[in-house]
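Student: Please take one part of this model and look at it closely. I am new to it, so explain the terms as you go.

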Amino acid sequence: FITTVLLMSGIALAREIVEGRHQRNFVDSVTHELKSPLASLGLCLETLARPELSQEQRVEIRTMMRHDVDRLSAFIDGVLAASRVAHRKRGERNVEPIVLSDLVEEALGKVLRRHPDASPESVRIDLPHGLVVHTDELALMTILENLLDNALKYSPSPAGITLSASIHGDVARIAVTDQGIGIGPRDLERIF
């Protein structure tokens, strides 16, 4: 009995340690994603206070600030959407038929607004015509935005990004490929 109790306590402790590590990684990630645009906004505000700036420079700085605010807003929306998906009770998914190309277009549009240097033509979309998937729209949108955002962020050239889908029986497989740095093998399991 004592051995069983000790074993169960050890398992519970190990789970707590792993959960704590996940929470620290999440907080580190969120902090990093928030600090960058906030630092940029701070520098922009300081620069705007300089009296010698031309009107064109002020407009350019305001545009940069708008981009950072949009980036922060999109990031916060993404965190909230992921949180809603993660905290649903088991079996509480909202599965409905979705035209995949419509969802991909919407996700790509949102991501491209965060990457003003990229154009819609830079990402090649290869989907079976009229493909309808039965899925949780919010969850799939969150995944697509994250994958496309990372592909654009970490690829040396957006022209090398492809989003494709293939059908295997009654399962649709969606893939985002790029020429980026990739994810280390030991991190793949943790991420996915």
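**The sheet and its two helices**

Tutor: Strand β4 (residues 161–168) and strand β5 (residues 171–177) pair in the antiparallel sense over 7 bridges; two strands pair if DSSP finds at least two bridges between them. Strands here are DSSP runs (E, at least two residues) and helices are runs of H or I with at least four residues, numbered from the N terminus. This is a predicted model, in which local features need pLDDT of at least 70 and side-chain atom pairs count only at pLDDT 80 or more, while totals for chains, interfaces and linings use all residues. Residues are numbered from 1 along each chain as its sequence is written, and side-chain values use heavy atoms, with hydrogens and water left out.

His-168 stands opposite Val-171 in β5. The two strands form a hairpin with 2 residues between them, and Gly-169 in the turn has a positive phi of about 65°.

β4 also pairs with β2, in the parallel sense over 4 bridges, and Arg-124 has Thr-162 in β4 as its bridge partner. The result is an open sheet of 3 strands in the order β2-β4-β5, with mixed pairing. β2 (123–126) and β5 stand at the edges with a single partner strand each, so one side of each has no neighbour in the sheet.

Helix α3 packs on this sheet and touches β2, β4 and β5 (contact means heavy atoms within 4.5 Å). The direction of α3 makes about 170° with that of β2; angles run from 0 to 180 degrees between N-to-C directions, with axes fitted to C-alpha atoms, for helices over the stretch in contact. Helix α4 packs on the sheet too, touching β2, β4 and β5, and its direction makes about 25° with that of β5.
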